[in-house]
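Thanks for coming, everyone. Let me put the structure up, and then I'll walk through it.

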Amino acid sequence: MAGIIVVSVFVILVLVSIVLGVRIVPQGSKHVVQRLGKFHKTLGPGLNVIIPYIDSVAYKVTTKD
């Protein structure tokens, strides 16, 4: 019984990490990524992957006129 609980907690942690790591940036905008509080890169439109718990989206910039 304890093994099932440990496995379920591990699966939930993996799913949350995947959800936090995948970013979809809409067309006409860019997202600025900070790694541990410092600028790391900008994400262009489309599907992007960041390192969860270390990287965070600090700003969402609109590039439309």
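Where is the place of Val49? Val49 sits in strand E4. Before going on, a caution: what you see is a predicted model.

Let's stay with Val49. Its relative accessibility is 59%. The cut-off for exposed is over 50%, so Val49 counts as exposed.

Val49 also belongs to something bigger than one residue. It is part of a nonpolar surface patch of about 970 Å². The other members are Val7, Phe10, Val11, Val14, Leu15, Ile18, Val22, Ile24 and Leu47. Which elements give two or more residues to the patch? Helix H1, residues 2–21, is one of them. Strand E1, at 22–25, and strand E4, at 46–49, are the others. H1 gives the most, with six residues.

Now to the sheet. It is open and has three strands. Their order is E3-E2-E5, and the pairing is antiparallel. Which strands are at the edges? They are E3, residues 38–43, and E5, residues 55–62. Each of these pairs on one side only. On average, neighbouring strands in this sheet are turned by 30° against each other, ignoring direction.

Look at the join between E2 and E3. E2 covers residues 29–35. Five bridges link E2 to E3, and the two run antiparallel.

One residue to pick out here is His31, which lies in strand E2. What is its bridge partner in E3? That partner is Leu43. Is His31 buried or exposed? Its relative accessibility is 8%. Buried means under 20%, so His31 counts as buried.

What does His31 touch, leaving aside its neighbours within four places in sequence? On the list are Val25 and Pro26. Then come Lys41, Thr42 and Leu43. Val57, Tyr59 and Lys60 complete it.

Last topic: charges. How many salt bridges does the count come to? One. Asp55 forms a salt bridge with Arg35, and the closest N and O atoms are 2.7 Å apart. Asp55 lies in strand E5 and Arg35 in strand E2, so the pair ties together parts that are 20 residues apart in sequence.

How covered are the two partners? Asp55 is buried, with a relative accessible area of 8%. Arg35 is partly exposed, at 29% relative accessibility.

To recap: a nonpolar patch with H1 as the main giver, an open sheet of three strands, and one salt bridge. Thanks for listening.

Conventions. Residues numbered from 1 in each chain as written. Predicted model: local features only at pLDDT ≥ 70, side-chain atom pairs only at ≥ 80, totals over all residues. Heavy atoms only, no water. Patch = residues over 30% accessible without salt bridge, like charges linked within 9 Å, V, L, I, M, F, W, Y side chains within 5 Å. Areas by Shrake-Rupley, 256 points an atom, 1.4 Å probe, with all protein chains shown as cover. Salt bridge = Lys/Arg side-chain N within 4 Å of Asp/Glu carboxyl O. Helix = DSSP H or I, 4+ residues; strand = E, 2+ residues; numbered from the N terminus. Buried < 20%, exposed > 50% of the residue type's maximum accessible area, 1.4 Å probe, protein only. Pairing = 2+ DSSP bridges. Axes fitted to C-alpha atoms, helices over the stretch in contact; angles between N-to-C directions. Contact = heavy atoms within 4.5 Å.
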